[in-house]
Amino acid sequence: MRLWIGFHLPRLPLEVFCPSWSEDSLTVVLEQDGVLAVSARARAAGVREGMRRGGALLMAPDAQLRERAPPLEAEALHAVAMALLRYTPLVAQAEEDTLLIDVGASLRLFGGARALCRLARASMRALGFTAVLGCAPTARGAWLLARGGGGRSLTIDGMTRRLRRLPAGLLPPARPFLGWLDGIGCFTLAELRRLPRPGLQRRCGRALLDMLDAAHGEAPEMFDWITAPPGFKAKLELFDRVEHADALLFGAQRLLQQMTGWLCARQFAVERVSLLLEHERGRVARAPTQIEIVLAEATWRDEHLLRLLKERLGKIELAAPVIGLSLEALRVRPMTPPSDSLFPEPGGSKEDRERLFELLVARLGADNVLQAAPQADYRPDLANAWVPVHEKVRPAEQRARMPPRSLPRPVWLLPKPVALLMRDHRPFYTSPLRMVSNAERIEAGWWSEAQTRDYFIAEGADHAHYWVFRERLGAEDAPRWYLHGLFG
């Protein structure tokens, strides 16, 4: 199944300068002396997109005016792409602050499209960005849904129904011709598709038709995939001076999200991590404060690392305010590949066996992976119990429970004894059976289920050995023989 998720970041210019931990700041982002984006406090003060610089200062004199920085936006978009690599290695950057990921091969791993979208939204919140998600069987369809306000369609028909209501101006090649399209009453993608294709191509160009066809699955789509670098080192500039170490956790979480995506893309597990807390520069410059974490077991998950960083940050007293963070994976090793064989190699350690049991329980369920627990009972049917493998049965208890045995007993005990026929006064099972051992008399269970039996080892004509017993009855009753077990 081919499925794409598009991530449109509509507030990217603002969130580059106004991260989540300072969202209450009074920030205005300008582009060519006009207001491009405003924070919540600036909007409450009356600043609106499209205002001039003077009008914004008139409404909010204390506002922090920042010029749009395309390089910083590109870095932020790349950081988001690195974090999304944890869900699939196929991540591509599209137009207008949008990322596309091919998740068709990841659906079963993450529990389906709905669960995957929920995890992706959680990653976006952890990164401090706002994203509109569109999910569709085609990449351009997911891009249009994300640009059009979001939506999820798993089939071509469902996607087509959603796309037909979207405005035609969402397609970049159609925007230069919106005046002409409005004049002929063509406002939606459905109306655009109904126009004659030769005339539309002559008027608007081939690019518009190619994008329409790609969105509806009628044309191939080609992308340049984002590749993870050989090593990981990411920086985050703070737009405010942080004087308490525990307030740095959100920034560290953003960097950990990127590192997790990089580890998954490179199939690495990290063993040693370094977080640098960068202080003010200039005449009062101080060397960065380093927090180094060495893991006992390599991991590629961010939850455990985040807990460790939280503990370390909570114990640090900053000698100077922090203005930036830098995270680096100092030592990594390849992820342990899954074993090609189910059972450990001969001579393996106890840990290998425990991992095998954990794997079997995970695959088959705890009720289907059992271990023998001998019971202190002479009756063969009740001399053993089966308990889940995770329950601990001490060897001393096993030896104490084992009743004394006078004759060998078979490994294969039938669930229910099988009555045998009698031929020439001898029990018969595929052939007449000959007793090759003395009798082992068992008399037990008078308190619940009494058994009075004489057990023998019998041999057939094929030289196979069987475990049979004869019920001890009154003198007037004929003896009855049963097969109870098979010897290997």
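**Strand environments, ring pairs and a helix crossing**

In strand S1, Trp4, Gly6 and His8 point one way and Ile5 and Phe7 point the other way, and all of these residues are buried. In a regular strand, side chains alternate between the two faces of the sheet. The model described here is predicted. Within it, five of the five residues of S1 (residues 4–8) are buried, so the strand is largely enclosed by the rest of the structure. Pairing accompanies this burial: S1 is joined to strand S7 (residues 132–136) in the antiparallel sense over five bridges, and to strand S6 (residues 98–102), again in the antiparallel sense, over five bridges. Trp4 has Ala136 as its bridge partner in S7, whereas His8 has Thr98 as its bridge partner in S6.

An open sheet of three strands shows mixed pairing and the order S3-S2-S4. Its edge strands, each of which pairs on one side only, are S3 (34–38) and S4 (64–67), and the twist from one strand to the next averages 35 degrees. Strand S2 (residues 27–31) runs parallel to S4, to which it is joined by four bridges, and Val28 stands opposite Leu65 of S4. Val35 is also 5.2 Å from Met51, C-alpha to C-alpha, although these two residues are 16 residues apart in sequence. Met51 is placed in the loop between helix H2 (40–44) and helix H3 (53–59), and with a relative accessibility of 24% it counts as partly exposed.

Aromatic contacts form a further group of features, with 11 aromatic pairs in the structure. A pair of aromatic rings is described by the distance of the centres and the angle of the planes. For Phe232 and Trp262, the ring centres lie 5.8 Å apart and the planes stand at 40 degrees, so the pair is tilted. This pair links distant parts of the chain, 30 residues apart, with Phe232 in the loop between helix H12 (206–215) and strand S9 (233–242) and Trp262 in helix H13 (residues 249–266). Both Phe232 and Trp262 are buried. The rings of Tyr429 and Tyr466, by comparison, have centres 5.4 Å apart and planes at 70 degrees, so their arrangement is edge-to-face. Because Tyr429 lies in the loop between strand S17 (426–428) and strand S18 (434–435), while Tyr466 belongs to strand S21 (residues 465–471), this pair ties together parts that are 37 residues apart in sequence. The two tyrosines are assigned to separate accessibility classes: Tyr429 counts as partly exposed at 30% relative accessibility, and Tyr466 is buried, with a relative accessible area of 7%.

Ring pairs also link Tyr455, Trp467, Phe469 and Tyr482 into a cluster. In addition to contacts between rings, arginine side chains are placed over aromatic faces: Arg140 lies over the face of Trp143 at 4.9 Å from the ring centre, and Arg423 lies over the face of Phe428 at 4.0 Å from the ring centre.

Helix H13, which carries Trp262, also takes part in a helix crossing. Its axis and that of helix H14 (residues 302–314) come within 10 Å and cross at roughly 150 degrees. H13 and H14 are therefore roughly antiparallel to each other, and their crossing is right-handed.

Notes. Residues numbered from 1 in each chain as written. Predicted model: local features only at pLDDT ≥ 70, side-chain atom pairs only at ≥ 80, totals over all residues. Heavy atoms only, no water. Pairing = 2+ DSSP bridges. Helix = DSSP H or I, 4+ residues; strand = E, 2+ residues; numbered from the N terminus. Axes fitted to C-alpha atoms, helices over the stretch in contact; angles between N-to-C directions. Phe/Tyr/Trp six-rings, centres within 6.5 Å; stacked < 30°, edge-to-face > 60°. Buried < 20%, exposed > 50% of the residue type's maximum accessible area, 1.4 Å probe, protein only. Lys NZ or Arg CZ within 6 Å of the ring centre and 35° of its normal. Parallel < 35°, antiparallel > 145°, perpendicular 65-115°, else oblique. Left-handed = near helix turned anticlockwise from the far one by under 90°.
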